[in-house]
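I opened this entry to keep track of what I looked up, starting with the core and ending with the ligand and the domains.

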Amino acid sequence: MGKILDRNQIRFYREQGYLVAEDIFDPLHLDETLAHFNLAFAQQLERLALPVADGPLVEALHCNMAALLGANVALYLATLRMCSKLYGVYRLMTAERLRDAAADLGIVTPLFQTTPVLHLMSKKLVIPGGYQGFDVHQDWTSVQGSLDTITTWIPFMDIDPQLFTMEVMPGSHLLGLLSGDQQQHVLRVDQKHFKEDDFVPVCVGKGGVCLMSNFTIHRSSREGDDRLRISISGRYENASEPTFIEREYPFTQQKSMQRGLITENFPSVEQVRDVYAVAGEGF
Ligand SMILES: O=C(O)CCC(=O)C(=O)O
């Protein structure tokens, strides 16, 4: 405890319900993860015989995502879903400095009920008939585990107010669980609990994180220019929080699994043997 955050930061978090902590991640780990996102989109574009953009990583990724979205919405969503499961995402979520910062805020026995979620905002990446960004909500309903659960919001680039950032309502965690109406992805907080000018944009440097109470009111900003914003949202829950122990470790999210074959007649024996072929290069 006390390894990453100082007393003022810990006090700020307790009073305001959120905290921006810089220099938590190795920027190379952020870039490597982003490069793997880009690779995933490039692989699918190549498969469809479509051109692949190169150049600076974020711009190339943005173009390649837009190209795949334009070509095939379902494939774009499948690729995005796959990206959220990549090793680099888990490496960031389990980074020692992040774990220590969460410990400074009281998460003594961290656990992960959920897999991390990718949030991306871009005018070019609006899914036809779909949604982009979240309306005003609290995160409690998505996990409902330990009362001290922390949302970790990790951006891949320097975040400024013109990057469709996340906006938080400071101090709102102390209002507790608020009424609202259930939308597809969030329980939208009733308007009587906030005013438009209650919100502040979260600005984090690349390598930093926003740590936020599960009761802090927040939303995705509608303010942004033509750039792409990507961040990972995860949850640090606490297996030692008394009400979580008392409630016998409840989870909102359960594992589900498709039994039976997804692709009929796959794989053939040859396909399996090819994986283990000794002849050829590579080692
Ligand atoms: O990244 C965003 O725009 C919103 C993130 C969010 O609301 C969340 O992680 O709960």
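**Core.** I looked up the nonpolar cores in this predicted model. The largest one has 40 residues. Ala101, Val209, Cys210 and Leu211 make the most contacts inside it. I then listed the elements that supply at least two residues each: β1 (18-21), α5 (87-93), α6 (96-104), β4, β5 (166-168), β9 (209-213) and β11. The largest share is that of β9, with four residues.

I also noted a second core, separate from this one, with 11 residues. Phe37, Leu61, Ala67 and Tyr76 are among them.

**Cys210.** What does Cys210 touch, once neighbours within four places in sequence are left aside? I found Tyr18, Val20, Trp153, Met166, Val202 and Val204 in contact with Cys210. Of these, Trp153 is the residue that stands opposite Cys210, which belongs to β9.

**Strand β4.** Next I followed Trp153 into β4 (150-155). I checked burial and found six of the six residues of β4 buried. In a regular strand the side chains alternate between the two faces of the sheet. I therefore split the strand by face, given that alternation. Ile150, Thr152 and Ile154 lie on one side, Thr151, Trp153 and Pro155 on the other, and all are buried, so both faces count as covered.

Which strands pair with β4, and in what sense? I recorded four bridges to β9, antiparallel. To β11 I recorded six bridges, again in the antiparallel sense. On the β11 side, Arg235 is the bridge partner of Thr151.

**Ligand.** Which residues surround the ligand? My list reads His119, Gly133, Phe134, Asp139, Thr151, Trp153, Met166, His218, Ser220, Ser231 and Ser233. Three elements give two or more residues to this shell: β4, β10 (218-220) and β11 (229-238). By class, I get seven polar residues, three nonpolar and one charged. Trp153 and Met166 belong to this shell, and both are also contacts of Cys210.

**Domains.** Last, I looked up the domain assignment. It gives domain 1 as 1-23 + 95-256 and domain 2 as 26-86. I read 25 Å between the C-alpha centres of the two domains. The contact takes 14 residues from domain 1 and 13 residues from domain 2. On the side of domain 1 that touches domain 2, I noted nine nonpolar residues, three polar and two charged.

Note on methods. Residues numbered from 1 in each chain as written. Predicted model: local features only at pLDDT ≥ 70, side-chain atom pairs only at ≥ 80, totals over all residues. Domains from an automatic or database assignment. Contact = placed C-beta atoms within 7 Å. Nonpolar A, V, L, I, M, F, W, Y, C, P; charged D, E, K, R; others polar. Near = placed C-beta within 6 Å. Core = buried A, V, L, I, M, F, W, Y, C linked by C-beta atoms within 7 Å. Buried ≥ 20, exposed ≤ 12 C-beta atoms within 10 Å, placed from the backbone. Pairing = 2+ DSSP bridges.
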